[in-house]
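I opened this notebook to look up enclosed spaces and one residue of interest. The entries follow the order in which I went through them.

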Amino acid sequence: MHARKHLTKLAFCLFLVMVANITMIACVSAAGFFQDFKQHQEIKKRVKAQEKQEKYDKKNPVNRMPQTTEDYLENATAIEKKNIDIPDPTFPQDPKLKEVPAPRMLAEKYNNPAGERTLNLTDLTKKGQLNTIGVASPRSDMVAYSAVYFDKANLKTSSEIYIIPSKNPGDTLETLKHANVALKDDKPIIQSGMADTYSTKQNILTVIDWSTDGRKLALKEAIGAKDYGTWKTNLLVYDFATKRTSELKVIREVIKYWWLNNHGLQLEDYLWDIKPLGWDASNPDRLVVTAFAYTGEKPKFLGEWSIGYRGDNPQLVSLEKITSSISSNGFSLKFVSSY
C-alpha cells in the first residue's frame with residue numbers, strides 16, 4: 001500500500017514535468033510564430049508604403065527645374081572661379097605643321113556684312129557654357145560679349161551680355177587682345193531666359209553692333225526651342241548713359257499692323273520674323289531691320305524698316321529691297337596668315 005502511494009506520487013510528478021515541458025515548448029513556438037508574424041507585417045507595411053509612394057510620384061512628378069538664377073547657373077556649368085593669369089590670345093596650331101608661322105592678330109570691323117553675325121554653338125551641349133568673341137566699342141574703352149549657358153538636365157539655353165572694361169582705352173587691338181572674361185564686370189547688362197522654367201527653350205542674346213558714339217549697344221534676342229530653331233527675334237538697345245535696356249517691341253507690332261491694314265495679311269497665322277541689320281549710317285540714332293515671312297520655299301520679303309533707338313517713330317523704308325547704308329562701328333579680333 002505504501003509502495004503504491006509512492007508510485008502514484010512519482011507518476012504525478014512525471015506528469016507535471018511533462019506538462020511543464022510541453023508548455024515551455026508551446027510558449028517558445030508561440031513566441032517564434034508571433035515574431036515571424038510581426039516581421040511579415042513590417043515587410044508588408046513597407047511594401048505598401050513603397051507602392052503608395054511610387055503611385056504618388058507618378059501622379060506628382062518632382063519639378064527639378066532650377067528655381068533661382070543661382071540654381072540655374074549651378075546646373076548649367078560647374079566652372080569654379082579661380083585666380084588665373086591672363087595670357088595673350090593664341091591661335092591653336094596643328095603640331096605637325098612646324099614650319100607654318102603663327103598667324104597675326106588684327107582688329108576688323110565686326111558688323112560686316114551687316115546683320116550676318118550669328119553664334120557658333122556647336123560645342124555648347126558638351127561644354128555647358130560658351131563665350132562669344134568680344135566686340136570692342138568705337139572708343140575701345142569697353143568690350144561686349146555673350147555668355148551662353150546650356151542646362152543639360154532640361155535641354156534649356158539662356159544667355160547674358162557682359163562688359164569687359166578696357167585696360168588700354170583708345171588702342172583697339174590691345175583692348176581686344178587683353179579682353180579676358182576674368183576681367184568682366186560682376187553683373188551682366190542684360191539676361192535672357194535665366195528665370196524661365198520651360199524645358200528645351202532657347203534664349204540667345206547676340207551683339208548686333210555698337211552705336212557710332214559708343215554709348216549704346218544694339219542686341220538681338222533669338223527665342224526658340226532646341227531642334228526647332230528660332231521662332232521670334234527681338235530688337236534691344238542698351239543705353240550706357242541710363243544703364244537701361246529698351247526692347248523695341250513696337251517695330252514688330254507696326255509691321256504686323258501694316259500688312260494687316262494694307263493687304264489683309266494676318267502675320268500671326270504664319271511663321272515670320274525680323275532680321276536686325278544695325279545702325280543707320282545716315283541717321284546714327286536709328287536702327288534698320290528687315291522682315292520675312294516663311295510661307296514657302298522662298299521667304300517673302302516684308303520690307304525694310306527703321307526705328308529710333310528709344311523705340312520712337314518706326315517707319316517703312318522700302319518694300320522692294322534694302323536701300324539703307326548700315327554703319328559698322330565695333331571691332332573684333334581676327335587671326336590672319338603671316339604670309
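Before listing side-chain partners I noted the criterion: a polar contact is a pair of N or O atoms within 3.5 Å, and within protein one atom must be able to donate a hydrogen and the other to accept it. I also noted that I am working with a predicted model.

Entry on Ser328. I located Ser328 in the loop between strand 14 (315-318) and strand 15 (331-336). I then looked up its exposure: Ser328 has a relative accessible area of 17% and therefore counts as buried, the cut-off being under 20%. Its side chain reaches the backbone nitrogen of Asn111 at 3.4 Å. Leaving aside neighbours within four places in sequence, I found Ser328 in contact with Lys109, Tyr110, Asn111, Asn112 and Asp209.

Entry on cavities. I asked how many cavities of 30 Å³ or more the structure holds; there are two.

The largest cavity has a volume of about 40 Å³, and I listed Val143, Ile164, Pro165, Ser166, Lys167, Thr175, His178 and Ala179 as its lining. Sorted by class, that lining comprises four nonpolar residues, three polar residues and one charged residue.

For the second largest cavity I recorded a volume of about 30 Å³, with a lining made up of Asn111, Gly115, Glu116, Arg117, Val207, Ile208, Lys220 and Pro276. Here the classes are three nonpolar, two polar and three charged residues.

Cross-reference. Asn111, whose backbone nitrogen is reached by the side chain of Ser328, is one of the residues that line the second largest cavity.

Technical notes
Residues numbered from 1 in each chain as written. Predicted model: local features only at pLDDT ≥ 70, side-chain atom pairs only at ≥ 80, totals over all residues. Heavy atoms only, no water. 1 Å grid on protein atoms, 1.4 Å probe; cavity = no way out; pocket = protein on both sides within 12 Å on 5 of 7 lines; lining within 4 Å. Points joined across faces, edges and corners; volume = space filled by probe spheres on them. Nonpolar A, V, L, I, M, F, W, Y, C, P; charged D, E, K, R; others polar. Helix = DSSP H or I, 4+ residues; strand = E, 2+ residues; numbered from the N terminus. Buried < 20%, exposed > 50% of the residue type's maximum accessible area, 1.4 Å probe, protein only. Contact = heavy atoms within 4.5 Å.
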